[in-house]
Amino acid sequence: MSTAKKEYKRVTVKSLVDMKATGEKISMLTAYDYTMAKIVDSAGVDVILVGDSASNVMAGHETTLPITLDQMIYHASSVVRAIYRALIVVDLPFGSYQSDPKEALRSAIRIMKESGAHSVKLEGGKEIKESIKRILNAGIPVMGHLGLTPQSIYKFGTYTVRAKEEQEAEQLLEDAKMLEKLGCFAIVLEKIPAKLAQQVAESVSIPIIGIGAGSGVDGQVLVLHDMIGMTHEFNPRFLRRYLNLYEEMSTAISQYVDDVKTQDFPNESEQY
Ligand code: KIV
């Protein structure tokens, strides 16, 4: 596999397909606001996902279901204002595309027009085929999402690994091929066996981005707040924490409280 890294001034859906073709792995992280997105973009992440995980991470909901289209547009617009290089993908939230293809297209158009993002992501396979087709026909790039699809949590009942049984694995592979055929530019595979994820990545020409799907895929995505350790209660096996910001921020904030209480802050040089 080639390790040569081409410089992409601006990452596009075409760059991602090129990266897969040359064996360059794709890095993807979530961001939901201007300040974080600026750091993520300048650190060289290829794709920024304005994920509906904002429902958990930013709003404190238990699931991704409550977040609205207006709220997703608000988050996406903030991210768009920060970005110079990364490709921005925005999740279509639960309830904004499942009822019919026309509604799906209207929701995707609102995201593109009102936020200035570059593409949308939808969860599901053959059951949302017509919606994906309609969005693609309007010239909007679509990323698919298979495996554990958190918007269906009440159907699954748990967040455990998906597609361990043969029938579900076969359906997933079929769905991935269908998404490729329709014209999706990439697919997220969430929490499925590594062997199956690799098989999918080898069966399609579009990039497969994994989260809890092992190393045999074309790229990786994590939720930013998890990988920098701002969250600390969520500890799945696939998560690598690069920082422990929860602890570090708590220590700094406690220090500030102490400094205010003891009148250490502000000192002579911190006032006018
Ligand atoms: O919303 C999100 O953050 C996602 C990732 C987990 C892929 O969909």
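How far from an oxygen atom of the ligand does a polar side-chain atom of aspartate 52 lie? Select both and check: the separation is 3.0 Å. Bear in mind throughout that this is a predicted model.

**Stop 1: the ligand's polar partners**

Keep the ligand on screen and add serine 53. An N or O atom in the side chain of serine 53 is 2.5 Å from an oxygen atom of the ligand. Now add aspartate 91. Its side chain places an N or O atom 3.1 Å from a ligand oxygen. Next, turn on the surface. On its own, the ligand would expose 260 Å². The protein buries 94% of that area.

**Stop 2: the shell**

Widen the selection to the residues around the ligand. Start with Thr30, Leu49, Gly51, Asp52 and Ser53, which are among them. Then add Asp91, Lys121 and His145, also part of this shell. Finish with Val188, Glu190, Ile211 and Val223. Colour the shell by class. You should see four nonpolar, four polar and four charged residues.

**Stop 3: the largest pocket**

Which pocket does the ligand's space correspond to? The ligand takes up the largest pocket. Hide the ligand and look at the space itself, which comes to about 840 Å³. Its lining has 36 residues. To find the centre, select Ser53, Asn56, Val223, Asp226 and Phe234, the lining residues nearest to it.

Now switch to cartoon view and pick out the elements that give two or more residues to this lining:

- strands E1 (26-30), E4 (119-123), E6 (186-190) and E8 (219-222)
- helices H3 (54-57), H10 (224-227) and H11 (245-261)

Colour the lining by class as well. It divides into 17 nonpolar, 10 polar and nine charged residues.

**Stop 4: the second largest pocket**

Move on to the second largest pocket, with a volume of about 490 Å³. It is lined by 22 residues. Centre the view on Gly124, Gly125, Glu127, Thr149 and Lys155, which lie closest to the middle of this pocket.

Select strand E5 (142-147), helix H7 (153-156) and helix H8 (166-182); each gives two or more residues to the lining. Which element gives the most? Helix H8 does, with four residues.

Finally, colour this lining by class. The second largest pocket has six nonpolar, nine polar and seven charged lining residues. Set that beside the largest pocket, with its 17 nonpolar, 10 polar and nine charged.

Notes
Residues numbered from 1 in each chain as written. Predicted model: local features only at pLDDT ≥ 70, side-chain atom pairs only at ≥ 80, totals over all residues. Heavy atoms only, no water. Near = heavy atom within 4 Å. Polar contact = N/O pair within 3.5 Å; in protein donor to acceptor, adjacent residues only side chain to side chain. Areas by Shrake-Rupley, 256 points an atom, 1.4 Å probe, with all protein chains shown as cover. 1 Å grid on protein atoms, 1.4 Å probe; cavity = no way out; pocket = protein on both sides within 12 Å on 5 of 7 lines; lining within 4 Å. Sits in = over half its atoms within 2 Å of the grid points. Nonpolar A, V, L, I, M, F, W, Y, C, P; charged D, E, K, R; others polar. Points joined across faces, edges and corners; volume = space filled by probe spheres on them.
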